[in-house]
Amino acid sequence: MKTDFREIKSFFYSQYFSDGLRMSFGILFPSLLLMQLKHFDMGVTMSLGALCICTIDSPGPLYHKRNAMAVGNFFLFIIAVITGFARLNVFTLGIEITLLSFLFSMFTVYGNRAASIGTCALLVMIFMMDKEAKPNEVLTLSLIILAGGIWYLLFSLIFFGIRPYRAAQQTLGESIADIAKFVRIKADFYLSDTDIDENYRKLVSQQIKVSHHQDDVRELLFKSRIMVKESTNPSRVMVLTFVDLVDMFEQIMATHYDYGHIREKFKATGVLKQVANLIQEMADELDNIAYMVLSNTRNKHKPDFNTGLEKLKIRIDEIGANDQGISNIALKKILINLRDLNERIKSIYGYYNSKSSELLIEKNDSDEYSKFVTHQDYAPHIFFDNFSFNSTAFKHSLRVSLVCLIGFVTAKYIALGHHSYWVLLTIIVILKPGFSLSKQRNYQRLIGTIAGGIAGIAILLFIPDKDAQFILLIILMIGTYSFLRLNYVVSVIFMTPYVLILFKFLGVGLVVKERIIDTIIGSTIAFVASYVIFPSWEFEQIQQNLREVINANVSYLAKIAESILGKEVSSIEYKLARKDVYVKSANLSAAFERMTSEPKSKQRKIKEIHKFVVLNHILSSYIATIASSVTSKALHKAPAENLKLLKRSIAVLNDSNKKLDGDVVEIGSLKNTFATTETEPKAASADDLLLKEQLGFINKISTDIARVTDSIVS
């Protein structure tokens with residue numbers, strides 16, 4: 001119960017709830033203020049502008065938000081004016097809807113922030129369609145909408161200016177909580193009743209969440225100059241925590257074993273249950289840190305796993321002593337990894353409990369940090385280069401354009417009441433570039449609207465008091481925007497009664513039947529269209545994901561090769577190669593997850609791709625293990641046999657990439673260095689022998705990946 005209560009408190013400290021409060025206030029305030037000044041209609045129109053701009057107000061650096069919302073306000077005014085005149089004739093309105101739906105859907109080629117600007121522009125077009133404005137009133141109405149957009153822009157900037165570190169704290173806390181869940185899934189591998197394949201699915205799914213959240217933290221920390229360049233304690237603590245957190249995640253990723261073999265070998269000893277319990281306790285400590293960061297508090301509690309680790313060591317030693325036929329080397333490796341994880345947890349606690357700011361010295365400068373952030377290119381040629389049926393964005397934009405036209409015509413002749421724009425609004429919200437995402441959003445929208453409609457009717461029938469309805473309106477509004485990114489079904493369940501109560505206050509009456517029917521019409525059109533109009537299936541793009549992840553792993557191996565051949569490779573180079581592997585692996589895993597929700601006939605080579613995803617996870621884990629060893633020990637001038645294994649693995653992976661129509665990853669001067677170094681004799685040390693064992697396993701996994709690749713391309 002205590003854990004559940006803390007999860008609830010964590011939500012109220014989270015960025016999701018903070019977003020809900022900010023968006024709700026930003027939208028409501030103009031209406032409430034101008035209602036007091038007897039200009040309620042103007043207030044509602046301003047709130048409409050704020051509502052459109054708030055779609056751009058997603059997590060990210062403040063200057064990205066500012067620039068995006070400024071561009072959004074420009075389009076807000078222009079599209080409001082164009083639609084105000086176009087709506088005077090049904091044919092010109094139809095042409096506008098078709099062209100602008102295509103244009104703004106193409107904004108997806110510039111990333112999520114630009115896509116949200118496109119959504120903002122389409123929203124104001126849809127809302128302006130049914131505005132009863134005479135030609136001489138269009139400009140004034142558009143200026144009022146723009147005023148609402150500018151208000152929201154200024155309010156959002158002030159909101160973040162008051163507490164510049166808060167958004168980064170919240171995102172960092174959520175990222176730590178994601179890693180805690182990842183650690184718990186890892187712990188389950190040591191339990192005999194856990195299905196290994198199913199647990200891999202959970203692990204891969206959680207890895208996607210970890211990767212996306214880490215990208216958000218990088219954006220906030222390393223793209224925000226105030227975070228990296230200021231010498232304040234909060235900024236240093238967050239940067240150092242995140243750097244250690246990424247290293248910790250690498251350590252967790254590197255702790256891979258043949259779990260089936262370990263279970264078979266040590267199940268009877270009971271030591272695996274001991275390992276799993278210790279890992280779960282460490283995950284609990286990570287959750288404690290996550291809550292500490294989210295709530296912006298200091299926890300004097302100091303985690304102490306030394307007793308548990310010592311008990312585990314004694315048990316491992318007993319196993320080795322009592323049964324000479326069983327090697328306990330794997331258990332010793334697990335113990336070493338758990339000790340490392342313990343040290344990193346203690347290190348992070350130390351940052352938040354240190355009284356001396358002098359202890360918190362940044363390890364890198366801002367130029368190095370900037371290398372870890374993806375920089376979006378907004379060159380015009382990118383837009384026009386995607387004018388091809390090979391581009392998913394182009395096919396998606398054409399689909400949205402045609403479907404919006406169909407929805408517009410349908411709304412004019414079939415939809416009920418005076419809010420036919422709900423059909424178009426449903427289509428815009430549901431249609432996504434991939435079928436699986438559209439299908440998921442479609443299901444969520446329908447379920448949420450029906451459930452929310454029932455709740456809305458109950459509220460209006462059984463709670464007639466207007467003050468109570470207004471309080472519920474605010475609560476529902478906050479809930480809508482708080483769950484918008486967290487859980488879309490819950491967001492729509494909140495949204496529907498909030499809209500119904502709002503219309504009741506506006507004097508429109510009960511429109512639940514109209515809203516549900518219009519949603520069903522829009523959902524049906526969107527679902528059919530995503531299946532038959534330029535459909536985008538994951539199997540068409542999956543090879544690109546496979547190529548990218550192989551390239552990333554080869555580049556990571558190349559850094560190891562450079563190190564053991566005597567070349568000085570900086571930790572930054574290793575970390576950049578590691579980040580690329582994890583990002584590309586997360587992209588592949590996300591593509592595979594989307595594929596599993598597509599029609600069975602479109603799930604081509606699904607079993608082989610799943611096997612590839614698992615093998616890639618294992619490969620990345622072992623490469624991370626070697627990289628950690630190479631950076632911490634002087635494993636230069638390795639024996640020729642080890643170099644042959646490394647060269648063979650790179651060659652096998654490159655060959656697999658060629659079969660996927662990819663390019664061979666060139667490893668520069670290593671080609672000649674391999675040839676000259678192979679002939680140099682060197683006595684093998686214990687580290688060399690361990691490296692040989694690890695490289696041998698990488699070679700085996702690379703060969704398995706090659707076999708699976710053959711099955712995929714055949």
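Is Gln-214 buried or exposed? I opened my notebook with this question and worked in a predicted model.

**Entry 1: Gln-214**

I located Gln-214 in helix H9, which spans residues 196–222. I then looked up its relative accessible area, which is 4%. Gln-214 is therefore buried, as the cut-off for that word is under 20%. I also listed what Gln-214 touches, leaving out residues up to four places away in sequence: Ser-175, Ile-179, Phe-242, Val-246 and Phe-249.

**Entry 2: Asn-337**

I turned next to Asn-337, which I found in helix H15 (residues 329–353). The relative accessible area of Asn-337 is 15%, so I recorded this residue as buried. With residues up to four places away in sequence not counted, Asn-337 touches Gln-251, Thr-255 and Tyr-257.

**Entry 3: Tyr-190 and the cores**

I noted that Tyr-257 also appears among the residues that Tyr-190 touches. The others on that list are Tyr-259, Leu-272, Val-275, Ala-276, Ile-279 and Ile-334, again not counting residues up to four places away in sequence. Tyr-190 belongs to the largest nonpolar core, which has 118 residues. Within this core, Tyr-190 is one of the residues with the most contacts, together with Leu-172, Leu-286, Ile-289, Leu-338 and Phe-612. I found a second, separate core as well, with 69 residues, including Leu-122, Leu-153, Val-400 and Tyr-481.

**Entry 4: Helices H2 and H3**

How do the axes of H2 and H3 cross? I read that the axes of H2 (residues 15–36) and H3 (residues 40–54) come within 7 Å and cross at roughly 165 degrees. Because angles over 145 degrees count as roughly antiparallel, I described H2 as roughly antiparallel to H3. The crossing of the two helices is right-handed. On the H2 side, the contact is made by Met-23, Gly-26, Ile-27, Leu-28, Pro-30, Ser-31, Leu-34 and Met-35. From H3, the residues taking part include Phe-40, Val-44, Ala-50, Leu-51 and Cys-54. I sorted the residues of this contact by type and recorded 13 nonpolar, four polar and no charged.

**Entry 5: The whole chain**

Finally, I looked at the chain as a whole. It has 29 helices and zero strands. Of its 714 residues, 55% are buried. I also considered contacts between residues at least 6 apart in sequence, and found that 83% of them join residues at least 24 apart.

Key:
Residues numbered from 1 in each chain as written. Predicted model: local features only at pLDDT ≥ 70, side-chain atom pairs only at ≥ 80, totals over all residues. Heavy atoms only, no water. Axes fitted to C-alpha atoms, helices over the stretch in contact; angles between N-to-C directions. Helix = DSSP H or I, 4+ residues; strand = E, 2+ residues; numbered from the N terminus. Parallel < 35°, antiparallel > 145°, perpendicular 65-115°, else oblique. Left-handed = near helix turned anticlockwise from the far one by under 90°. Contact = heavy atoms within 4.5 Å. Nonpolar A, V, L, I, M, F, W, Y, C, P; charged D, E, K, R; others polar. Core = buried A, V, L, I, M, F, W, Y, C linked by side-chain atoms within 4.5 Å. Buried < 20%, exposed > 50% of the residue type's maximum accessible area, 1.4 Å probe, protein only.
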